[in-house]
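Q: I have a model open and would like to go through it with you. Could we start with pockets?
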Amino acid sequence: MATLWQHFTAAFKRENYARMAGRATLAEYWSCMLFALLFGCIPLGIIVVGCVACLVSQAAGVVMLAVGALALLFYVFYTALPMLAVYVRRLHDVGWSGWWIAVQYGIVAIMAVLEIGIFLHFQIEFALDTTQIPFMTIGELFALAQDFQAFQPAWFKLCCTIADPALSLLGIFLLILTLLPGGPDNRYGPRP
């Protein structure tokens, strides 16, 4: 019986790093998620320390923020593919296609692109200087967010009204699938 750590390290080995074929057990999937979350807290902690350090010394804080952001960026790029692969294999274990993940992330990507496009249009329309956003007070940021919310077109608000609950339901559905025990041999391979 493999330990949680062995399951996690197995996901990052050359033969499993981007392997979407096959199946992953409950223990393999959830140990990968556990350690990914724990190790992800390290660069986030550096960023939080950098934010606090900005209150004492802006130069030291900015350096800490930059180090934390670079560490987080490296961590995300290094772990994204193996974590996606084990997620797909986990869905395969319960007999579902990994393409459901693409549906989930596709909706998120489309909504993000629309949101960025609308924000850029908002920025141009109101000649917004985004370099001033980090130096705004909480009240000014709240007013800016309200202005942006009022600026959003009705069709985008309708898309959000439909996409938000759909993403929530899809996310809950996929979470439930990852909690199910693996079944017998299926089209994705023999039981692990």
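Q: What volume does the largest pocket have?
A: The largest pocket has a volume of about 270 Å³. A pocket here is an open set of points on a 1 Å grid over the protein atoms alone, where a 1.4 Å probe fits, with protein on both sides within 12 Å along at least five of seven lines. The volume is the space filled by probe spheres set on the points, which are joined across faces, edges and corners.

Q: Before going on, what kind of model is this?
A: It is a predicted model, in which local features need pLDDT of at least 70 and side-chain atom pairs count only at pLDDT 80 or more, while totals for chains, interfaces and linings use all residues. Residues are numbered from 1 along each chain as its sequence is written, and side-chain values use heavy atoms, with hydrogens and water left out.

Q: Which residues line the largest pocket?
A: The lining consists of Tyr-29, Met-33, Ala-36, Val-76, Thr-79, Ala-80, Met-83, Leu-84, Tyr-87 and Tyr-105, where a lining residue has an atom within 4 Å of a point. Helix 2 (26-56) and helix 3 (58-93) are the elements that give two or more residues to it; helices are DSSP runs (H or I, at least four residues), numbered from the N terminus.

Q: Which helix gives the largest share?
A: Helix 3 does, with six residues.

Q: And how does the lining divide by polarity?
A: Nine residues are nonpolar, one is polar and none is charged. Nonpolar covers Ala, Val, Leu, Ile, Met, Phe, Trp, Tyr, Cys and Pro, charged covers Asp, Glu, Lys and Arg, and the others, Gly among them, are polar.

Q: Changing topic: how many aromatic pairs are there?
A: The count comes to 23 aromatic pairs. Rings of Phe, Tyr and Trp (its six-membered ring) pair if their centres lie within 6.5 Å; planes under 30 degrees apart are stacked, over 60 edge-to-face and the rest tilted.
A: One of them is the tilted pair of Phe-8 and Phe-35, at 5.4 Å centre to centre and 40 degrees between the planes. Phe-8 belongs to helix 1 (residues 4-11) and Phe-35 to helix 2, 27 residues apart.

Q: Are Phe-8 and Phe-35 buried or exposed?
A: Both Phe-8 and Phe-35 are buried, that is, under 20% relative accessible area (1.4 Å probe, protein chains only), with exposed over 50% and partly exposed in between.

Q: Which aromatic cluster do they belong to?
A: Phe-8 and Phe-35 form one cluster with Trp-5, Phe-12, Tyr-17, Phe-39, Phe-74 and Tyr-78.
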